[in-house]
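Student: I am new to this one. Please show me the structure, and then I will ask how its terms are earned.
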Amino acid sequence: MRTCVRKWMLPSGFGPGGFYFVEGTVLVVEGNPKDSVAIIGPGKVGTAVGHLLRKAGYRVEVLAGRTEGLARKAARFADAAVRPDCILITTTDDAIRTVCESIAKEGIRPGSKVIHMSGAGGLDLLESARRAGACVGSIHPIQSFADVQCAIENIPGSTFGITVDENIRDWALQFVRDLGGYPFFISETDKPLYHAAACMASNYLVTLMHIVERIYRSLGLSREEAVRAFWPLVKGTILNIETKGAVQSLTGPIARGDVGTIEKHLQALLDKHPELHDVYCLNGMHTAEVAVEKGTLTAQKAQEIRSLLERRRER
Ligand SMILES: NC(=O)c1ccc[n+]([C@@H]2O[C@H](COP(=O)([O-])OP(=O)(O)OC[C@H]3O[C@@H](n4cnc5c(N)ncnc54)[C@H](OP(=O)(O)O)[C@@H]3O)[C@@H](O)[C@H]2O)c1
């Protein structure tokens, strides 16, 4: 390993027209096996990933944001330095293309990597970098990050969907493993479907919990009492899913084929929460299929339940 002095251009800030770039003279430690990474967008994901990469031995060189204050705040978690082998764009999805174009306009080192971490965005967002000679990709954690600390704790152990240029597949695998994640490759065509599933797992779960909370609050419970009432049930179910899988975790009237109970539920919802009636019906129709897969419901009984729910939904 040897140390030498290098000249390098790095993004130093944002202005109305995009980034400001400055030329710098920096000390570079040659022979370091891990890449140097510049992070643009010091929000929850950018800050947390910067912190974890640094812990894994990467040189996190720039944490650029639109405001100096944010960049400073983020720098608490990851050192700012220079000369990126990899530029990680962790801005909001809508800003990725513009930010990438700004970087490409200033010139990208051919062969360096430009990566975003959006689940929904494709590689088209990074086309300007590819034209400038970079290898591009998206490396997306299947996780929900409410804040930086939660992101630092939850990134390790998360699975990452990787969509990258062929020649950086091995690099991307290592990058994810260095974050403590589980990598898998997803084609650009399948990415929207993959992301829809991730959104349903997280966002629709939140919506479902909100519905349950609303019903319990309408019965006189406070928000805290409502959460206390349904949380052990939810936690138990989630733990069952983790250990036994979704199909084996199914219980309840649909799994048992108790049509009378289902009818009572439908009537109660129509009387007190008609706005939630359709949600119950639609979810119930899918639940009947899970019960058939589990083997607790015959195909005929499942069809009976599905028809009932379909009829009620159309009323
Ligand atoms: N949060 C999650 O649960 C999650 C999970 C998986 C993947 N992701 C992906 O990770 C990426 C970042 O998400 P996040 O949750 O970390 O977002 P975030 O906390 O809102 O952070 C976004 C950062 O980008 C900066 N930014 C926005 N527009 C910019 C622009 N035009 N130029 C430069 N910087 C800009 C923001 O600065 P300002 O404050 O100045 O706007 C902020 O620092 C997104 O692609 C998202 O899809 C997020």
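Tutor: Start with a definition: helices (H or I, at least four residues) and strands (E, at least two) are DSSP runs, numbered from the N terminus. Residues are numbered from 1 along each chain as its sequence is written. This is a predicted model: local features need pLDDT of at least 70, side-chain atom pairs count only at pLDDT 80 or more, and totals for chains, interfaces and linings use all residues.

Student: Which helix gives the largest share of the shell around the ligand?
Tutor: Helix 1, with 3 residues. Helix 1 (44-55), helix 3 (96-106) and strand 7 (135-141) each supply at least two.

Student: What makes a residue part of what surrounds the ligand?
Tutor: Its C-beta atom, placed from the backbone, must lie within 6 Å of the molecule. Here 27 residues surround the ligand, and Gly 41, Gly 43, Val 45, Ala 95 and Ser 118 are the closest.

Student: Which residues of helix 6 are called buried?
Tutor: Ala 172, Phe 175 and Val 176, within helix 6 (residues 169-178). Buried means 20 or more other C-beta atoms within 10 Å of a residue's own, with C-beta atoms placed from the backbone. So each of the three reaches that count.

Student: How do you know that they share a side of helix 6?
Tutor: Their arc around the axis is only 95 degrees, which puts them on the same side of helix 6. The arc is taken from the directions from the helix axis to the C-beta atoms.

Student: What do these buried residues pack against?
Tutor: Strand 7, strand 8 (159-164) and strand 9 (182-185). Contact means C-beta atoms, placed from the backbone, within 7 Å.

Definitions and conventions:
A residue is buried if 20 or more other C-beta atoms lie within 10 Å of its own, exposed if 12 or fewer, and partly exposed in between; C-beta atoms are placed from the backbone. Two residues are in contact if their C-beta atoms, placed from the backbone, lie within 7 Å.
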